[in-house]
Every structure is written in C-alpha cells, then in structure tokens.
Amino acid sequence: MLHERYDPTTIESKWQARWAADDLYRTAPADERPKYYVLDFYPYPSGEGLSVGHCRNYVPTDVVARYYRMKGYNVLHPMGWDAFGLPTENQAIKTKTNPSVLTRRYAANYKRQMNLIGASYDWSREITSSEPDYYHWTQWIFLRLYDHWYDPRVDQARPIAELEAELTAYGTSRLGLPLSERGVTAEGWQTANPLERQEILKRFRLAYRGEATVNWDPVDKTVLANEEVGPDGRAWRSGALVERRTLKQWFFRTTAYADRLDRDLDTVDWPGRIVTMQRNWIGASVGAEVSFKTVAGDELIVFTTRPDTLWGATFMVLSPEHPLVAKLTTPTQQATVEAYVAQASTNASAPVPVEEKEKTGVFTGSYAVNPVNGAEIPIWVADYVLMGYGTGAIMAVPAHDERDFAFALKFGLPIIPVIQRPDDAARSVVRRGTYAEDLPNQLRAAGYQFSEQDGDLVVDLTGAQAEAYAHLVQPALLNGWTEIAGSGWKFIFPDVIVAFDTVEADQQLAAQISTALQRNDLPTVMAYLTTIPAYRTLLYHDEIGVPINSGTINGLPGDEAISRTIDLLEAEGQGKARHNYKLRDWLISRQRYWGTPIPIIHRADGLEVMETDEQLPVTLPGVENYEPTATGESPLAQIDEWVKVTLSDGQHGRRETDTMGTFACSSWYFLRFVDPRNPHELARQEELAYWLPVDMYVGGAEHAVMHLLYARFWTKFLYDIGVVPFIEPFQSLRNQGLILAPPREVDGQIVIEKMSKSKNNVITPDEVVATHGADALRGYECFISDFEAAVPWSTDGVPGIRRWLDRVWRIVLNPEQDRAGEGAFTERQLQRVLHQTIMRVEHDIKEFKFNTMVAALMEFTNALYKAREAGLSKTPTWAEAIETLMRLIAPVAPHIAEELWARTQRSYSIHQQSWPKADPALAAEEEVEIVLQVNGKIRDKLVVPADADEAQLRDVALQSERVKGYVGDKTIRKLIVVPGKLVNIVVG
RNA sequence: GCCGGAGUGGCGAAAAGGCAAACGCUGCGGUCUUAAAAACCGCUGGGGGCAACCCCUUACGGGUUCGAGUCCCGUCUCCGGCACCA
C-alpha cells in the first residue's frame with residue numbers, strides 16, 4: 001500500500017489547532033508527581049518578531065519539556081512578556097500609539113511564531129509585566145524592600161520597625177558599622193526630628209532614594225546612560241560635553257547581599273564562565289579600614305587589601321569627589337585643586353578607555369600621619385581614585401601597587417620597598433670605569449653570575465647575598481658607586497654602604513646622586529633606578545611576601561603580616577578588618593513613562609510615605625503624550641491629576657514620578673508563573689514550594705550579570721521575609737550559542753555577521769517553516785552545532801533534516817516496500833540498536849547535546865532501513881522499533897510524530913504517552929572489535945566476545961599473525977590489556 | 001592589561017586518556033528513468049604503492065604516558081567579559 005507523501009504544511013497546522021483546542025499543554029497545579037520547571041528567559045517583544053536565532057532557545061527547552069512530560073513529570077513550561085521599557089516607549093512616541101497597544105501587538109506576533117514552531121507552552125499562564133495585575137506585585141515587593149533593612153549580625157533582612165527600636169535603645173553602637181560610616185547614638189536618634197530620622201533610616205533601607213552621580217547632557221537636559229556617551233566624553237546625540245551631576249535617584253541595596261550573592265554561587269549548576277562573571281562583578285576583597293589623622297586633626301579613613309604594606313605608605317590620595325577635599329586644601333593650593341576637581345567632574349563621566357591613561361593629580365597642601373610609624377605624608381587629589389569604591393581615599397604604597405608606582409614616579413614622590421620579593425631576585429650594575437680591573441675575576445671566583453655589556457658588569461644575585469656582595473665590590477670601587485636593586489636594596493660607595501630603607505635615606509641618596517650626575521630630574525632613588533634598563537623589571541612587585549622596613553612585622557610570613565597588622569590597628573583603635581565589594585547598589589530610577597510606578601508619596605513636609613498595600617497597584621495614567629520633559633523629569637511629573645494626592649490624614653502629597661527600570665519586573669516573574677492570576681498574593685505558598693526553584697533556565701549569555709544577579713538578590717530577600725522557601729531561584733542554567741547570519745562573500749572575503757534588520761540578513765522561522773516545515777526547523781535548530789556554540793545559519797542544512805524526516809515517514813508507513821530480503825542484519829542487532837538509541841537520546845537530552853541526539857535518531861532510522869532490507873519487517877522487534885522511533889522523535893518533531901502515531905492506528909495523543917524504557921542488558925554488545933597495537937601503533941583488529949578477560953585477550957593478541965610479524969623476536973617489555981578495547985604490546 | 005572560552009576534513013561537527021573524523025551538508029561516480037526530479041548504492045583529510053598495505057594528520061613548540069584531539073608547560077590566533085575597584 002502506498003501512502004501519500006510527507007506534507008508538513010498540512011499536518012502541522014492541523015495538529016497545532018487540535019492541541020490548542022484540547023489544551024494539551026495545560027499544566028496541572030501542584031500534585032504528588034515529581035515536578036520539572038523548565039523556563040526560557042522571557043523575551044522583550046519587539047516589532048521585528050523572532051528570528052531563527054531566538055528559536056535556538058525555545059526549541060531545545062521545548063524538547064526538554066516534552067521529554068520530562070513523557071517521563072511522567074508534572075512539567076511547568078510557561079512563557080510571558082518583558083513588556084515595559086524604552087524601545088517600545090520610543091516606538092510609541094514615534095507612531096503616536098499607546099505603548100500597551102504596541103506591546104499587545106508585538107507579543108501576539110511572538111506568540112503566533114512560537115505556536116508556529118510547535119512550542120508546548122501553557123498559554124493559560126501567559127503573563128505581561130506591564131499589566132497592572134502583574135506590576136501590582138512588583139510594587140508590593142518594592143514596598144517590602146523599602147520597609148526592611150539588612151542586619152549583618154544575623155545575615156538577614158529585618159523590618160525597619162526593629163531597627164527603629166534598636167536605634168532608640170542603643171543607637172548604631174551594636175551594628176558593627178564600618179569606621180567610615182557615621183554612626184548615631186541612642187540619644188541622637190531620640191532627639192532627631194522626623195526628617196532627620198528619615199535621613200538616618202535611608203542609610204539602612206533596602207530600597208532608598210539617594211544621591212547618584214549621573215551623566216547629564218546640558219543641551220538635551222536629560223540623564224544619559226553610559227552607553228550614550230562617546231569615548232571623547234561627548235553625548236552621542238547632542239554632541240555636548242557630558243557633565244557629572246548629582247541627582248536624587250532610587251536604589252536597591254544590592255550591596256547588603258554581596259556576600260550571600262557570592263557565597264551561594266557554590267550551590268548552583270551554572271556554566272562556569274557565568275559564575276566567574278558574577279564573582280568578578282561582585283568583586284569581593286578582604287582587607288582593612290585604616291584611620292589616618294591629618295596634621296590638622298581631621299580623620300581620613302582608607303580601605304586597603306594590603307594592611308601589611310602600611311609602612312610603605314608614603315602619600316595619600318583622595319578622589320576628586322571626596323567630601324574632605326575642600327577642607328584639606330590649603331589656601332596656596334586652593335586654585336589648583338579647585339581647577340583640577342572641576343575638570344575631573346566633566347572628564348570623569350566619560351567611559352574613557354582608562355588603559356594607559358596618563359596619571360593626573362594635584363597636591364592639597366596638607367599632610368597626614370602614618371599611624372604605624374608617625375611619618376608625615378602628603379595628601380594628593382587624583383582621579384585614579386574612585387569615590388564609589390572603598391572610602392574614596394587610599395593610602396598609596398608605590399613600591400607595591402602599580403598605579404601608585406606610576407603616580408609617584410610622575411610626581412617625584414618617595415617609593416620605599418616594604419615587601420621582600422618572593423623570588424629574592426636582585427641585580428647590580430657596576431659601571432665601566434668605576435671598578436678595578438680584577439673585579440670580574442673576583443666575582444667569578446666568588447661564584448656570581450654576571451655579564452659584561454660595554455664594560456658595565458651586570459651581576460645577578462639574591463637579596464640574601466647582598467651584604468656579602470657589597471663587601472666584595474666595595475674595595476674594588478675606584479670612584480662613583482653601584483647599587484643593588486630588587487632585593488637587599490643598597491648603595492655602595494668607595495667609602496660607605498648605605499641601605500635604601502627609609503624616606504630619609506631616599507632623600508639623602510637622591511640628593512647625592514643628583515649632585516654627582518648634575519641632574520635635577522631625579523627627586524627620588526626610584527626615579528634614578530628607572531633610568532637604568534637592567535633594573536626595570538625588578539623595581540616594583542605586588543606579590544604577598546615577607547615585610548621589610550616595617551617595624552614590628554618585619555620577617556613575618558605574608559599572610560601573618562596582614563592579620564598581625566589588623567590586630568595591631570584594632571587594638572589601637574586605628575583600624576578594623578573589612579570585607580569590601582566592587583558591586584554597587586542597583587540604580588532603579590528611570591525618568592520615563594513606560595515602567596512600573598514607584599509606590600511612594602512625598603509629603604509636603606518632605607517625608608516619604610509608603611502607599612498602603614490596599615491601594616496597590618498604583619497604575620499608570622492613560623495619557624496622550626509620553627515625551628520626556630525638558631527638565632529631564634519623567635513625563636508623569638506633568639500630569640497633575642495623577643501626581644497630586646491627598647493622604648488619609650488630609651495632608652497633601654506628590655507621587656514619586658520616577659518609574660522602575662525593567663530589571664525589577666524580570667527579578668521575580670519566574671515566581672508568578674506558578675500562580676499567575678492570583679489577586680491576593682504574589683503566588684500561593686504551596687505552588688511556590690512545589691514548583692521552585694526553576695530546574696532548568698535557558699537564555700542568552702548577555703544577561704549573565706544584571707538580570708541573574710538581581711533575580712538572585714530579590715529571591716534572597718523574599719526568602720528572608722518568608723515569602724519563598726528557597727535561596728537560589730535557578731538551579732541549572734544553560735546559555736544557547738548565538739546564531740549568526742549565513743556567511744556571504746564580500747570582495748572575495750567570507751564575512752560572517754550577526755543577524756540584524758539593518759544588514760537585511762535576518763532569517764525568520766516563518767520562511768523556514770513555509771518551505772521545510774516546523775519539525776525540520778526544530779530538528780535543524782538542534783542539529784546545527786553544539787548547543788552552546790555560536791554558529792552561522794546554513795540554509796543548506798535544513799533539507800538534510802527534512803530528508804531524514806521523509807525517511808522516518810516512509811519507514812514507518814511502508815515497512816514492506818523495496819524489500820530484497822538480502823543483507824546481513826539480524827533481529828538481535830535491531831533490538832540492540834533500539835535499546836542503545838533510547839539510552840543515547842535520553843543521555844543527550846539531559847546533557848543538552850541536542851546535536852548528537854538527532855544524530856542518534858538518524859542512525860536508528862538508517863538501521864531500520866538495513867533491517868527492512870534484511871527482511872525483518874514482520875518481526876516483533878520491528879514493530880517495537882517502529883513504535884519506539886515515533887516516541888523518541890516526539891520531543892524534537894512533535895507534528896510528524898503525532899501524524900504517524902495516528903496513521904498507525906494508535907490512540908491520541910503521542911505526547912501523552914510514556915517514554916520508552918531502555919534495557920541495558922539488551923543494549924549490550926555480545927561481541928566487540930578490539931585493536932591490537934604494537935608499540936602504540938594499530939597493527940590488527942579482531943572480534944572477540946565482549947566479556948573476554950585479560951588473559952584471553954593476551955592470548956589471542958599474541959597469536960595474531962600480523963602482530964607476530966611486528967613483534968618478531970624482540971623482547972616483550974610490557975603488555976597492556978584493556979578489556980573491550982585493546983591490547984598494546986610494547987617491544988624493544 | 002586582567003579574567004574566562006575556543007582552535008579537528010571543502011562546510012556544520014563527533015569522539016568516559018584507548019580504532020580521529022560518527023551524524024549531516026557539499027562534491028564525484030553509479031542504479032532506476034525516454035529524460036529530469038525524488039529515492040537508493042558507493043566514494044569523498046593528505047601523501048606513497050599495481051596491490052596487500054605503508055607513512056603523515058586535531059593552531060604551533062615542548063612534556064607526562066604503553067598510548068594524548070583529550071592531561072601539563074610555553075607560544076600564536078579568534079570570541080566573550082571587565083576596565084585605574086586600592
């Protein structure tokens with residue numbers, strides 16, 4: 001009987017309609033089955049629709065979802081829309097359309113495309129982050145953050161009311177604040193007025209309105225993102241020089257969770273590079289705060305990771321934005337410092353490629369006292385110190401910090417080594433004409449390594465040899481001097497040996513050298529040493545090592561030196577251990593219309609008031625005009641009827657007009673999917689407890705830091721306040737590789753580019769489905785390459801998959817066609833391939849090896865053709881194999897699987913069938929081909945029983961004629977036998 | 001500069017330290033056909049040999065091992081991230 005040909009267009013739309021009508025993929029609520037939550041990064045719907053690149057995400061997750069359903073899991077596989085944000089808002093302004101209308105239109109198109117490729121989402125759970133019933137709960141979480149603070153003593157968020165109680169009783173005395181954070185006493189708190197209390201609490205709330213330095217475009221009168229400022233510091237659109245402005249902005253206190261965000265990365269199954277990127281972003285470092293007193297008596301606190309280098313701190317540097325800059329500047333330096341600070345504020349905003357940038361800075365005129373040795377050291381201002389990290393001030397240790405080293409050299413500041421080089425390497429150049437003729441012989445006799453260059457002797461030695469070396473060389477010095485650099489630092493003159501170990505020695509030596517050389521550009525010893533090429537690599541190092549020139553900690557092992565110094569400082573009240581992070585608080589304010597409104601009201605008296613839970617959601621007003629205002633305020637600020645409110649106590653207030661950036665919406669959407677229509681709470685407890693954490697989360701690596709970090713932060717906070725019972729939201733994470741445009745030839749060169757509308761090289765799923773069908777597209781998305789690898793789309797690849805599906809179609813429906821009854825393929829072989837294929841496909845799905853999964857299915861199909869050729873199509877194994885093939889292809893090719901299932905008179909639906917069970921015993925080989933090697937080279941192959949033991953293998957190997965030919969009468973030195981694999985005979 | 005990741009046929013790629021190139025694409029040859037398409041069969045890393053076979057080959061240079069695409073050291077190239085974080 002001849003069947004009609006495989007026609008994907010007809011069968012795909014037919015089954016899609018049937019599945020939708022039957023609600024086939026509707027997920028049941030929590031039940032007794034094991035669950036599997038497989039989630040795609042929810043997309044931002046744009047007017048351009050999906051490309052085949054996006055499908056690289058949605059097809060594999062759909063394979064996984066379908067596989068786990070067949071395995072008997074209760075599977076949650078939802079989809080929703082990240083709908084707020086700038087692109088839609090800008091499009092709305094341009095087309096004078098309400099952004100919610102655009103969002104619905106774009107999302108509907110995405111949904112149509114997802115259905116087109118047969119994605120099995122439970123659309124009853126579809127969510128849209130810009131709908132009030134969703135952002136109601138974004139606002140609710142905002143208010144919880146606002147109303148909580150982080151208590152590091154218990155490593156947990158606590159209600160603000162509890163902080164107020166503590167402040168009333170103890171002030172901040174028990175909170176363990178860093179030295180650089182101003183505390184408050186119980187009395188100070190008790191006598192503070194409400195506004196002052198608001199200011200104090202702001203420093204603890206997990207959502208707070210604080211000052212932020214931002215890029216301000218004075219022509220367009222708006223705040224710009226870093227990406228909108230060019231490398232020359234000019235605004236991308238207006239061309240104006242961007243200024244740094246300090247504006248009030250809303251933040252979430254991510255930094256409070258820095259340690260847990262770092263630590264808990266150990267508990268997740270994520271790609272290593274994502275974990276690394278998050279760790280780098282958080283940037284944890286341990287060290288200490290050190291309190292310096294200026295000569296005038298002000299306290300200046302720095303953060304350092306190397307308290308052991310404190311004795312080598314020869315100057316201090318403040319960020320230009322540091323609050324004490326003005327106070328510490330002396331009258332004579334005032335004009336210089338003010339000019340520098342002003343210039344820094346315009347320059348610093350631009351994300352200039354900092355690398356190789358010449359250091360700049362100015363002296364304030366003031367001095368501070370080094371707490372460990374009493375040395376008075378100058379205080380400078382320089383833009384290489386950032387206000388946003390640590391305390392915005394540093395102690396400069398130029399001998400062991402690359403930036404300080406460059407700065408000190410440029411401005412002639414002293415550089416004194418205080419940490420011994422771990423390799424103890426040292427070098428000494430004895431210059432031509434300064435030494436007695438016999439010195440080379442003496443050095444040789446004493447065993448020193450040296451070379452002669454133009455009459456200069458360059459001697460390599462160690463710090464340990466420095467003393468002996470100095471005494472050997474000194475008598476041979478006729479005039480001038482030599483020096484030892486790197487370790488054992490010394491200057492050797494004919495009459496005296498001077499150690500280079502203090503600022504005083506530095507000054508004296510530098511003066512002496514300058515006089516001798518008649519130069520005035522060598523203010524320090526290091527300035528001189530850098531002029532000698534042979535020393536360059538030895539002058540600076542930043543490794544942990546044994547302290548020298550460091551008073552009481554001299555000679556301690558490096559790690560001990562650090563902890564000892566911290567102990568010392570703590571005992572004297574001059575310092576304190578501290579963990580520090582590069583991570584900054586999360587700036588959430590956007591001065592735009594299309595975002596979640598921030599549920600805070602500003603009272604006329606300046607106090608912030610939370611919107612009550614009952615009044616949520618605070619909805620966006622429907623307005624005609626979304627243009628940003630000339631003042632850079634949100635357009636909402638101009639809508640009086642929305643902004644002006646009367647509070648329950650009759651007071652007047654104004655709504656906050658900033659909205660939240662979209663990362664707020666995406667920080668919790670994965671929770672809403674478990675109970676998406678709940679009007680009473682974010683989601684029911686039992687659904688959260690059952691479904692979460694997400695078992696498999698899949699999306700592009702471009703969200704490696706921001707989204708994933710913020711979502712983790714919110715999860716931990718919600719855990720602290722008892723809303724969710726888990727600490728990490730995404731158990732496993734995978735990143736699909738990018739799909740690039742097909743290669744094309746330009747001027748004889750093959751170029752591969754990203755797909756983009758502007759380059760007109762986007763390939764849509766619509767066009768591929770139209771010509772080859774959705775199942776072929778799905779198969780090719782899986783087969784194209786390793787899941788994580790970036791790869792150009794190849795138009796030639798899809799027909800290959802289509803051919804395979806055609807072969808599946810024919811072998812299932814025409815088992816008897818073309819049978820010749822010839823060929824060597826046994827029923828047992830077919831059975832073995834059948835069970836091996838089940839195991840391979842299952843393994844590959846779990847390992848995200850979708851390319852080899854498809855290859856295994858192709859090989860299985862090829863084996864069926866061989867079996868048919870051999871006349872096996874009437875056997876029971878054949879029937880089992882055909883049915884198994886249909887089940888195995890169901891996840892990757894759901895439409896053809898369903899059609900074949902129906903055409904072979906099986907009951908609807910294949911997607912509700914169970915996954916076939918592999919029998920490892922039936923999958924096992926009875927015979928294996930082993931390799932015989934002589935000296936590692938393959939010389940023969942033979943087939944042996946799979947369970948042949950070592951002795952048997954050795955015997956058959958030695959009987960092989962070919963092996964004998966290579967072994968000859970040589971001695972067998974070694975015999976390696978790997979059962980089931982090979983025998984290697986080592987002769988010689 | 002620092003931190004990741006990757007370099008394998010003409011192409012996309014496979015390969016728990018154990019037969020390199022599975023699977024697919026392309027190309028070539030063949031079967032079927034009046035012909036073409038489709039389908040099916042064979043070949044398709046390089047070199048040598050009439051052949052049986054032999055030698056070489058996983059970016060490059062070393063090393064460990066009976067045995068290395070896989071592990072270690074160094075170099076080069078490409079991709080991604082960070083950007084003066086004290």
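Here are some worked exercises on a predicted model, chain A, going from the whole fold down to single residues.

Ground rules: local features need pLDDT of at least 70, side-chain atom pairs count only at pLDDT 80 or more, and totals for chains, interfaces and linings use all residues; side-chain values use heavy atoms, with hydrogens and water left out. Residues are numbered from 1 along each chain as its sequence is written, while chains are lettered from A and ligands numbered from 1 in the order in which they are written.

**Exercise 1. Get an overview of chain A.**

Step 1: start with secondary structure. Chain A has 32 helices and 40 strands. Helices (H or I, at least four residues) and strands (E, at least two) are DSSP runs, numbered from the N terminus.

Step 2: get the dimensions. The C-alpha trace spans about 110 × 105 × 60 Å along its principal axes.

Step 3: check burial. Of the 988 residues, 53% are buried. Buried means under 20% relative accessible area, exposed over 50%, and partly exposed in between (1.4 Å probe, protein chains only).

Step 4: look at contacts, meaning heavy atoms within 4.5 Å. Taking the contacts with a separation of 6 or more, 70% come from residues 24 or more positions apart.

**Exercise 2. Work out how H25 and H27 pack.**

Step 1: pick the descriptors. Two packed helices are described by the angle between their axes and the distance between the axes. Axes are lines fitted to C-alpha atoms, for helices over the stretch in contact, and angles run from 0 to 180 degrees between N-to-C directions.

Step 2: read them off. H25 (residues 797–813) and H27 (residues 850–869) pack at about 40°, with axes 10 Å apart. That makes H25 oblique to H27. For the cut-offs, angles under 35 degrees count as roughly parallel, over 145 as roughly antiparallel, 65 to 115 as roughly perpendicular, and the rest as oblique.

Step 3: assign the hand. The crossing of H25 and H27 is left-handed. A crossing gets that label if the near helix is turned anticlockwise from the far one by less than a right angle, and is right-handed if clockwise.

Step 4: list the contact residues. H25 brings Ile801, Trp804, Arg807, Val808, Arg810 and Ile811, which meet Val854, Leu857, Met858, Thr861, Asn862, Leu864, Tyr865 and Arg868 of H27. By class, this contact holds 9 nonpolar, 2 polar and 3 charged residues. Here Ala, Val, Leu, Ile, Met, Phe, Trp, Tyr, Cys and Pro count as nonpolar, Asp, Glu, Lys and Arg as charged, and the others, Gly among them, as polar.

**Exercise 3. Do the same for H2 and H26.**

Step 1: the axes of H2 and H26 (residues 827–846) come within 10 Å and cross at roughly 125°. The two helices are therefore oblique to each other.

Step 2: their crossing is left-handed.

Step 3: Val63, Val64, Tyr67 and Tyr68 in H2 meet Glu842, Ile845 and Lys846 in H26. Sorted by class, that's 5 nonpolar, no polar and 2 charged residues.

**Exercise 4. Decide how enclosed H24 is.**

Step 1: name the buried residues of H24; they are Ala774, Asp775, Ala776, Leu777, Arg778, Gly779, Tyr780, Glu781 and Cys782.

Step 2: draw the conclusion. With 9 of its 10 residues buried, H24 (residues 774–783) is largely enclosed by the rest of the structure.

**Exercise 5. How many disulfides does the model contain?**

Step 1: set the test, a pair of cysteine sulfur atoms within 2.5 Å.

Step 2: apply it. The count comes to 0 disulfides. Take Cys55: the closest cysteine sulfur, in Cys782, is 11 Å away, too far for a bond.

Step 3: check burial of two cysteines. Cys55 is buried at 1% relative accessibility, and Cys665 is buried at 0%.

**Exercise 6. Hunt for unusual backbone geometry.**

Step 1: look for cis peptides. One joins Leu616 and Pro617, with omega about -5°; Pro617 sits in the loop between S27 (608–610) and H19 (640–643). The bond from Leu692 to Pro693 is cis too, with omega near 0°, and Pro693 lies in the loop between H21 (685–691) and S31 (694–699).

Step 2: look for positive phi outside glycine. Asp454 has phi near 55° and lies between S17 (449–453) and S18 (456–462). Asp454 is exposed, at 68% relative accessibility. Asn549 has phi near 50° and is partly exposed at 28%.
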